[in-house]
Amino acid sequence: MKTQHGGKRYGFFSGALWGLDTVVLAIALAMTPFDDFGQSALVGAVLHDVACAVILLVYMAIRGRLKDTWAALRTRPGKSVIAAALLGGPIGMSGYLIAIDNIGPGLTAIISTFYPALGTLLAFALLKERMAPRQIVALLVALGAIVVTGLSATSDPVKDGNAILGIIGALACVIGWGSEAVILTWGMRDEAVDNEVALQIRETTSALVYLFVVAPIAGVFGDTLHSLAHLSAGVVALAGL
């Protein structure tokens, strides 16, 4: 019970920091040169995860734990963390951005809010976790409230947007984000991968794929490098921290 309550405190703390991260990142994307980029959100996402990876690299190096991360990469749980990183980072976030570009932020928000429900279902089926009736009701109420909020904020149809592509992107977001936590939980059951090692593997994997796969394919690699010379890149790094 003590561990459960401690986990809840970390969960609330995580939610608060994620909200702050979003606000700081939004401030950065409104600054120069992001306001001139056609795909500023994707450039920001690349810099965000790269900043996280660099910060964690320094942190783990100071603690003398880089060898632990390297050793974990050769284990089956370590590889599962890499898979989770691909699902939650490049696949989930890229799907989210594709959806925004094609069906608008309102509808994207409505669809993407169902990822906790998918995560709960996967945890029930794969991890054999159980939920009390009051927890299920609370989840449904939260999802309903977010959907209502999203409906009230639904934007006009996106000009030249591809609705089918947008829906596919939003579903990729739901699947990526919903499955990431479940796979991470499974991978971290082994003592070879603790929370710090898992976090470094997750962010480094996401950053490398974003930087050397997603950014070149999307044509924003040059914009990403260009943004490093501006103050806004530091603000993104602060969000990453």
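Which residues in helix 2 meet Val-236, Ala-237, Ala-239 and Gly-240 in helix 10? In this predicted model, the helix 2 side of the contact is made up of Gly-44, Leu-47, His-48, Ala-51, Cys-52 and Ile-55. Sorted by class, the residues of this contact come out as seven nonpolar and three polar, with no charged ones in the mix.

As for how the two helices sit against each other, a pair of packed helices is described by the angle between the axes and the distance between them. Helix 2 covers residues 40-62 and helix 10 covers residues 231-240. Their axes come within 8 Å and cross at roughly 60°, and that makes helix 2 oblique to helix 10. The crossing has a hand too, and here it is right-handed.

Just ahead of helix 2 there is a loop worth a look. Pro-33 lies in this loop, which runs between helix 1 (2-29) and helix 2. Most peptide bonds are trans. The bond joining Thr-32 and Pro-33, though, is cis, with omega at about 5°.

Next up is helix 5 with helix 7. These two pack at an angle of about 40°, and their axes are 8 Å apart. That angle makes helix 5 oblique to helix 7, and helix 5 passes helix 7 in a right-handed crossing. From helix 5, the residues taking part are Tyr-115, Leu-118, Gly-119, Leu-122, Ala-123 and Leu-126. On the helix 7 side they meet Val-174, Ile-175, Trp-177, Gly-178, Ser-179 and Val-182. This contact of helix 5 with helix 7 holds nine nonpolar residues and three polar ones, and again no charged residue turns up.

Two of the residues in that contact, Tyr-115 and Trp-177, also turn up among the aromatic rings. The model has two aromatic pairs. One of them brings Tyr-96 together with Trp-177: the ring centres are 5.3 Å apart and the planes make an angle of 35°, a tilted arrangement. The partners come from distant parts of the chain, 81 residues apart, with Tyr-96 in helix 4 (residues 76-112) and Trp-177 in helix 7 (residues 163-187). Tyr-96 has a relative accessibility of 23%, so it counts as partly exposed. Trp-177, at 19%, counts as buried, because the cut-off for buried is under 20%.

The pair of Tyr-115 and Trp-177 has its ring centres 5.4 Å apart, and with the planes at 75° the pair is edge-to-face. Here too distant parts of the chain are linked: Tyr-115 belongs to helix 5 (residues 115-126) and Trp-177 to helix 7, with their positions 62 residues apart. Tyr-115 is partly exposed, since its relative accessibility is 33%. Put together, the ring pairs link Tyr-96, Tyr-115 and Trp-177 into a cluster.

Helix 7 has one more residue to point out: Glu-180 has its place there. Is this glutamate, Glu-180, buried or exposed? With a relative accessibility of 11%, Glu-180 counts as buried. Leaving aside residues up to four places away in sequence, Glu-180 touches Ala-84, Ala-85, Gly-88 and Arg-202.

Note on methods: Residues numbered from 1 in each chain as written. Predicted model: local features only at pLDDT ≥ 70, side-chain atom pairs only at ≥ 80, totals over all residues. Heavy atoms only, no water. Phe/Tyr/Trp six-rings, centres within 6.5 Å; stacked < 30°, edge-to-face > 60°. Helix = DSSP H or I, 4+ residues; strand = E, 2+ residues; numbered from the N terminus. Buried < 20%, exposed > 50% of the residue type's maximum accessible area, 1.4 Å probe, protein only. Axes fitted to C-alpha atoms, helices over the stretch in contact; angles between N-to-C directions. Parallel < 35°, antiparallel > 145°, perpendicular 65-115°, else oblique. Left-handed = near helix turned anticlockwise from the far one by under 90°. Contact = heavy atoms within 4.5 Å. Nonpolar A, V, L, I, M, F, W, Y, C, P; charged D, E, K, R; others polar.
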